[in-house]
Amino acid sequence: MKENLYKYILGIADNSLILGQRLGELTGHGPSLETDIACTNLSLDLLGQVRSYYQYAAKILGNGKTEDDIAMLRLEHEYLNVLLVEQPNTDFAYSMGRQFLFDVYHFLFLNELQKSTDITLSAIAIKSIKEVSYHQRFSSDWIKRLGDGTEESHQKMQTAIDDLWTYTDELFRQTEADIAMVTEGVGVDVTKLKDTYYKKVAEVLEEATLKIPESKYFQKGGKHGIHTEHMGYLLADLQYMQRTYPNMEW
């Protein structure tokens, strides 16, 4: 159970770490000062959640590794995040589309994780869901604003949703660690979230005058450490300081 629990925690935390890194890249590049600060705060929220997860993961390992080691010193194939969160900030519509498609899932997931028999994971979920509730409102508002805005903003938002849609199904695929933790009462059965997820996403897209993509082909692999070409560049930025100056302290 120890190994499965460790991998299960990574599967949760890596999503927030990588998405937090992507949002951090927007600092100083937002369409307005207020939005720029908001995106930075979303990033900080996610990284704060990540610390709690990785601290728990380090405790489970019990081999002297710290939260920083787990976050920054793994190889690419050792990260278990879904492909959606590693997609680049092509433009602001892509950034908000990616955020929205993950936020809806993240809120549903944390709502169920609160019921975990693992008191640490339950506590993290209870604390985090308040932040993620705001994240979902923020990204949903931008989907509506851009989708039902100008002709150009509508086109950009629709293109982003069309391109990112292929990564959504992986959110509901289970790994061996997922299945083991669900059996133990620790984990969330994400397959049961799928219908509600697509229903909620569809409601927002409809209000935003956006079409639900018809594509039935979905990408997968991230949960098993198989990533897109974007991941290596992201990790190069994320890990640079720790790898260049090992054991550095501020």
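The following exercises, each with a worked solution, concern salt bridges, the nonpolar core and the surface of a predicted model.

Residues are numbered from 1 along each chain as its sequence is written, and side-chain values use heavy atoms, with hydrogens and water left out. Because the model is predicted, local features need pLDDT of at least 70 and side-chain atom pairs count only at pLDDT 80 or more, while totals for chains, interfaces and linings use all residues.

**Exercise 1. Salt bridges within helices**

Task: Determine which residue forms a salt bridge with Lys-199, and how Glu-3 and Lys-7 are placed in helix α1.

Solution. Begin with the criterion: a salt bridge is a side-chain nitrogen of Lys or Arg within 4 Å of a carboxyl oxygen of Asp or Glu. A search of the whole structure under this criterion gives nine salt bridges.

Next, consider helix α1 (residues 2-24), where helices are DSSP runs of H or I with at least four residues, numbered from the N terminus. Glu-3 and Lys-7 form a salt bridge with an N to O distance of 3.4 Å. The two residues lie four residues apart in helix α1, so they are separated by about one helical turn.

Accessibility follows, with buried meaning under 20% relative accessible area, exposed over 50%, and partly exposed in between (1.4 Å probe, protein chains only). Glu-3 is exposed at 53%, whereas Lys-7 is partly exposed at 41%.

Finally, turn to helix α8 (residues 194-207). The partner of Lys-199 is Glu-203, with the closest N and O atoms 2.9 Å apart. Because Glu-203 and Lys-199 are four residues apart in helix α8, about one helical turn separates them. Glu-203 is partly exposed at 43%, and Lys-199 is exposed at 53%.

**Exercise 2. A buried acidic residue**

Task: Identify the nearest side chain of opposite charge to Asp-178 and list the residues that Asp-178 touches.

Solution. First, locate the residue: Asp-178 belongs to helix α7 (residues 176-183). For the charge assignment, Lys and Arg count as positive and Asp and Glu as negative, while His and the chain ends are not counted.

Asp-178 is buried and has no salt bridge; Lys-223 is the nearest side chain of opposite charge, at 4.2 Å. Contacts are then taken as heavy atoms within 4.5 Å. With residues up to four places away in sequence not counted, Asp-178 touches Tyr-8, Arg-173 and Lys-223. One of these, Arg-173, is linked with Asp-169 and Lys-194 in a network of salt bridges.

**Exercise 3. The largest nonpolar core**

Task: State which element gives the largest share of the largest nonpolar core, and what Tyr-105 touches.

Solution. A nonpolar core is a set of buried Ala, Val, Leu, Ile, Met, Phe, Trp, Tyr and Cys residues joined through side-chain atoms within 4.5 Å. The largest such core has 77 residues, and those touching the most other members include Tyr-53, Tyr-105 and Phe-109. Elements giving two or more residues to this core include α2 (33-61), α4 (92-113) and α5 (119-147). The largest share, 13 residues, comes from α4.

Tyr-105 touches Leu-171, Phe-172, Val-190, Leu-193 and Tyr-197, leaving aside residues up to four places away in sequence.

**Exercise 4. A loop residue**

Task: Describe the location and accessibility of Leu-75.

Solution. Leu-75 lies in the loop between α3 and α4. Its relative accessibility of 47% makes Leu-75 partly exposed. Leu-75 and Gly-232 are 157 residues apart in sequence, yet their C-alpha atoms are 9.4 Å apart in space.
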